[in-house]
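Q: Got a minute to walk through this one with me? I'd like to go over the sheet, then the pockets, then the helices.

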Amino acid sequence: EWAAGSLAIPHEHLASAIVLTILLEAIRSVSETPGAPRLLVATPAGEQHVVGAALIAAAAALDGWSILFLGADVPADDLVMAAHGVRAVALSLVHPRDASHAVREVRAVRSALPSGVPIVAGGATAVRLQDELERPGVSVCHTIAQARGVLAQIIRNDSLPTDA
């Protein structure tokens, strides 16, 4: 409704804060399974809208992931530093200040992470820039359900026996 002009910016901020509080509490309330795969969730530098990131974090927590939630506007170097020991990274791109900068940030994270740590990107801007973002190790998801499917596939791949 904010985008349509029927909701003032302070109201949008209040609604977002309430939704975010509920989602973060939901993430905290899910019991972690020992040895669960760890998922780092954030928005890249220049992206302040964090509700989408919290949505995928909550969904992934329900699916058995251990969540490391960094929040909004996290620079690529900080994302990479925090990614030590994670199985995957989820990034939300909804309304970044500069879409081309957001693409550069995602690419910088991808190039600095080990090749076995995939990035799952979602949000309106990620979908709009899918051709620029998607490359080996980066999946752009159009929905939370699709992102959950990608994350489930990562877990399934980890459970496959390896050839000796």
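A: Sure. One term to start: two strands pair if DSSP finds at least two bridges between them. Strands (E, at least two residues) and helices (H or I, at least four) are DSSP runs numbered from the N terminus.

Q: Anything to know about the model before we dig in?
A: It's predicted, so to speak with care: local features need pLDDT of at least 70 and side-chain atom pairs count only at pLDDT 80 or more, while totals for chains, interfaces and linings use all residues. Residues are numbered from 1 along each chain as its sequence is written, and side-chain values use heavy atoms, with hydrogens and water left out.

Q: OK, what order do the strands of the open sheet run in?
A: The order is 2-1-3-4-5, five strands with parallel pairing. Strand 2 (66-74) and strand 5 (138-141) are the edges, each pairing on one side only. From one strand to the next, the twist averages 20° (axes are lines fitted to C-alpha atoms, for helices over the stretch in contact, with angles from 0 to 180 degrees between N-to-C directions).

Q: How many bridges join strand 3 and strand 4?
A: Four, in the parallel sense. Leu91, for instance, has Ala121 in strand 4 as its bridge partner.

Q: Switching to pockets. How much space lies in the largest pocket?
A: About 430 Å³. A pocket here is an open set of points on a 1 Å grid over the protein atoms alone, where a 1.4 Å probe fits, with protein on both sides within 12 Å along at least five of seven lines; lining residues have an atom within 4 Å of a point. The volume is the space filled by probe spheres set on the points, which are joined across faces, edges and corners.

Q: And which residues lie nearest its centre?
A: Glu12, Ser16, His49, Val50 and Val51, out of 17 that line the largest pocket. Helix 1 (9-29) gives the most to that lining, with eight residues, and helix 2 (51-62) supplies at least two.

Q: How do the residues of that lining divide by class?
A: Into 10 nonpolar, six polar and one charged (Ala, Val, Leu, Ile, Met, Phe, Trp, Tyr, Cys and Pro count as nonpolar, Asp, Glu, Lys and Arg as charged, the others, Gly among them, as polar).

Q: What about the second largest pocket, how much space lies there?
A: About 180 Å³. It also has 17 lining residues, with Gly52, Ile56, Gly122, Gly123 and Ile144 closest to its centre. By class, that lining has 11 nonpolar, six polar and no charged residues.

Q: Which helix gives the largest share of its lining?
A: Helix 2, with four residues. Strand 3 (88-92), strand 4 (119-122) and helix 7 (144-159) each supply at least two.

Q: Last thing: at what angle do helix 1 and helix 2 cross?
A: Roughly 20°, with their axes coming within 9 Å. Helix 1 and helix 2 are therefore roughly parallel (under 35 degrees; over 145 is roughly antiparallel, 65 to 115 roughly perpendicular, the rest oblique).

Q: And helix 2 with helix 7?
A: The axes of helix 2 and helix 7 come within 10 Å and cross at roughly 45°, which makes helix 2 oblique to helix 7.
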